[in-house]
Amino acid sequence: MFEINGHTKQLAIIGDPVEHSFSPQMHNYISKRLGNNYVYTALEVKPENLGDAVRGIRALGIAGVNVTAPHKFAVMQYLDEIDGRAMQYGSVNTVVNRNGRLTGYNTDADGFYQSLLWEGITVRDQDILIVGAGGATQPVLVLFALEGAKSITVLNRTRANAQRLAEYTEKTVGYYVETEKKLPRYDVIINTTSVGMWPDTAGCPLDDFSFVDSNTAAADMIYNPAETVFLRRARERGAKTVNGLGMLIFQGIIAYELFTDTKLPADMYREIAKEVFGK
Ligand code: ATR
């Protein structure tokens, strides 16, 4: 058990809004559990104050921050260095302060991928269908392209947004992304929209589940409710399902490892799921 004292290093999440974030609980749990003298808080930063806030990280010697909506793209311009993958993703959710030099990383897509791997779901040589083309989608598209997906299709209410992401992926990593459903079945289907999230839990971003079968895996980035209508309908067709809690936990674990330049124990995922989220 640590106590906050003069040696305590500071971490935080910055965003707007930010008060509903689970990151403080997760990071403080890990610090307490490992006896690391860090404290992690949530700081609301309005878009017009983002530049000042980032300069404040240096001025105050804050050890690192996570960055959430709406700042994941805008924050990049204020950093000294951006990790190669984060640059390809076009998004930063983690900033590490090393002696006043700020480096941006992205742990969202890698956290999501880790959560799939944890459930035995792979990407290489798989036909993947992604629903949604918002801020969360682009890093995942780039990662799946780099991980050797056989095909990636993005369906979105506003097709132009899917096409914009397809163009981005082609330009950034030379991978062709489809924006129309053409295959009779998919190996992995993923919801990256907010449709079905609490409190509007009746929503589903997809009408047709005919291309889902018992060899399909369905993942949702939403973790509340634990089973969205999207996951339920996929499960009813025999698919294996995984919700967004794993992504939330793994992106935090990877960020913590970057903040502290340490490797967390392998069982930390299970422990956080149980002790922080009661799962
Ligand atoms: P962001 O993730 O960039 O903050 P968002 O508003 O949360 O954006 O939307 C993320 C995704 O959810 C988008 O693909 C959005 O579709 P549009 O590009 O057409 O806006 C999708 N989305 C949000 N509400 C939706 C709804 N009611 N039905 C279908 N898709 C929806």
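User: In this predicted model, in which loop is the place of Pro 199?

Analyst: Two strands frame the place of Pro 199, and they are β9, which covers 188-191, and β10, which covers 217-220. Pro 199 is therefore to be looked for along the chain after one strand and before the other, in the loop between β9 and β10.

User: What is the form of the peptide bond from Trp 198 to Pro 199, and near what value is its omega?

Analyst: Most peptide bonds are trans. The bond from Trp 198 to Pro 199 is cis, with omega near 10 degrees.

User: Which residue does a cis peptide bond join to Asn 224?

Analyst: The residue in question has its place in the loop between β10 and α7, the helix that covers 229-236. The cis bond has an omega of about 5 degrees, and the residue that it joins to Asn 224 is Pro 225.

User: Is Asn 99 buried or exposed?

Analyst: Asn 99 lies in the loop between β5 (94-98) and β6, and it has a positive phi of about 55 degrees although it is not a glycine. A residue counts as exposed if its relative accessible area is over 50%. Because the relative accessibility of Asn 99 is 86%, this residue counts as exposed.

User: Where is Asp 261 found, and what is its relative accessible area?

Analyst: Most residues other than glycine have a negative phi. Asp 261 has a positive phi, near 50 degrees, and it is found in the loop between α8 (245-260) and α9 (268-275). Asp 261 is exposed, and its relative accessible area is 71%.

User: Does Asn 106 count as buried or exposed?

Analyst: Asn 106 lies in the loop between β6 (101-105) and α4 (108-118). Since buried means a relative accessible area under 20%, the 6% relative accessibility of Asn 106 makes this residue count as buried.

User: Which side chain does a polar contact of 3.0 Å join to that of Asn 106?

Analyst: Not counting residues up to four places away in sequence, Asn 106 touches Ala 86, Tyr 89, Ser 91, Val 92, Asn 93 and Pro 139. A polar atom of the Asn 106 side chain also lies 3.4 Å from the backbone nitrogen of Ala 109. The side chain joined to that of Asn 106 by the polar contact of 3.0 Å is the one of Ser 91.

User: How much of the accessible area that the ligand has on its own does the protein cover?

Analyst: Residues including Gly 134, Thr 158 and Asn 161 surround the ligand. Polar side-chain atoms lie 2.5 Å from an oxygen atom of the ligand in the case of Thr 158, and 2.7 Å from an oxygen atom of the ligand in the case of Asn 161. On its own the ligand has 630 Å² of accessible area, and the part of this that the protein covers is 59%.

User: How many residues of the shell around the ligand are polar?

Analyst: The shell includes Gly 132, Ala 133, Asn 156 and Arg 157, and glycine is counted here among the polar residues. The shell divides into two nonpolar residues, one charged residue and, as the polar group, eight.

User: What is the radius of gyration of the protein?

Analyst: The secondary structure comes to nine helices and eleven strands. For 279 residues the globule rule gives 19 Å, and the protein is close to this, so it is as compact as a globular protein of that length, with a radius of gyration of 19 Å.

Definitions and conventions. Residues are numbered from 1 along each chain as its sequence is written. This is a predicted model: local features need pLDDT of at least 70, side-chain atom pairs count only at pLDDT 80 or more; totals for chains, interfaces and linings use all residues. Side-chain values use heavy atoms; hydrogens and water are left out. A residue is near a molecule or strand if one of its heavy atoms lies within 4 Å of it. A polar contact is a pair of N or O atoms within 3.5 Å; within protein, one must be able to donate a hydrogen and the other to accept it, and residues adjacent in sequence count only if both atoms are side-chain atoms. Accessible areas come from the Shrake-Rupley method with a 1.4 Å probe; for residues, only the protein chains shown count as cover. Helices (H or I, at least four residues) and strands (E, at least two) are DSSP runs, numbered from the N terminus. The radius of gyration is taken over C-alpha atoms; the globule rule is 2.2 Å times the number of residues to the power 0.38. Buried means under 20% relative accessible area, exposed over 50%, partly exposed in between (1.4 Å probe, protein chains only). Contact means heavy atoms within 4.5 Å.
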